[in-house]
Amino acid sequence: MEIIFDELIDTYLATRVGTVKNFITQALSANLVNNINALYVGNKLLTAGTGNNQLVNHDKLVRSDKIYWLDRDHNNVYENDFFDLMDTFVTHLNSSCYAGITGYEFHYTLYEKGSFYKRHLDNFKQNGTRAFSMIIYLNAEVNGGALRIYQENGSQDISPNAGKSVFFKSTELEHEVLVTHLPRMSITGWLKIAN
Ligand SMILES: O=C(O)CCC(=O)C(=O)O
Ligand SMILES: [Fe+2]
């Protein structure tokens, strides 16, 4: 596991965008997909908003994904496997990079066919507890839906394949999700620092 964590951290340090394949196993990915499908059928997924907590706009021109927050209290074995993995990663990140992460939040995300998320920044420095953005992709099959990351010297497209994780500083990099031509599933989250 440490090798995978280090690849994510090293690619982040080298290029400001960390990526690694097989951050989670294909088996865990498939089980998390099943969870999203059950949430979808049970009508539990919420329309995602933009902006801060005081003012959440459900602006379908900006983003059209649907979300559901993970929680250990759900007592779902796969959700807890995911949290266990994240706890190990955060411990490793804090001890190897003094990152000072004190918490996190993660939601399941479903982009239905035709959905997208326009160019944005995940956090503005003023109210910043979201230090790092992290996405773990779950799709066995991908068609469209790349994550496009903008840097000064151009942009980079990342294909959202099952097991892959992406990691970058939330205040630093603008990015967007291109239109997906298949349902696109992921876990999206933020590693937080104390305010
Ligand atoms: O799913 C992705 O690739 C990125 C999602 C994203 O940018 C966000 O939820 O803020
Ligand atoms: Fe984002």
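This dialogue considers how to read backbone angles, strand pairing and a ligand shell in a predicted model.

User: Which residues other than glycine have a positive phi?

Analyst: Most residues other than glycine have a negative phi. In this model, Asn22 has a positive phi near 60°, and Asn75 has a positive phi of about 50°.

User: Where do Asn22 and Asn75 lie?

Analyst: Asn22 belongs to the loop between strand 1 (18–20) and helix 2 (26–41). Asn75 sits in the loop between strand 3 (66–69) and helix 3 (77–97).

User: Why does Asn22 count as partly exposed?

Analyst: A residue is partly exposed when its count of other C-beta atoms within 10 Å falls between the limits of 12 or fewer for exposed and 20 or more for buried. Asn22 has 13 C-beta neighbours inside 10 Å, so it counts as partly exposed. Asn75 has 8 other C-beta atoms within 10 Å and is therefore exposed.

User: Which strands pair with strand 11?

Analyst: In a regular strand the side chains alternate between the two faces of the sheet. Here, strand 4 (residues 103–111) runs antiparallel to strand 11, joined by 9 bridges; His107 has Thr188 as its bridge partner. Strand 6 (residues 130–137) also pairs with strand 11 in the antiparallel sense, over 7 bridges, and Tyr137 stands opposite Ser186. Of the 9 residues in strand 11, 8 are buried.

User: Which elements give two or more residues to the shell around ligand 1?

Analyst: The residues around ligand 1 include His175, Val177, Ser186 and Thr188. The elements that give two or more residues are strand 10 (174–177) and strand 11 (184–192). By class, the shell has 5 nonpolar, 3 polar and 1 charged residues.

Methods
Residues numbered from 1 in each chain as written. Chains lettered and ligands numbered in written order. Predicted model: local features only at pLDDT ≥ 70, side-chain atom pairs only at ≥ 80, totals over all residues. Near = placed C-beta within 6 Å. Helix = DSSP H or I, 4+ residues; strand = E, 2+ residues; numbered from the N terminus. Nonpolar A, V, L, I, M, F, W, Y, C, P; charged D, E, K, R; others polar. Pairing = 2+ DSSP bridges.
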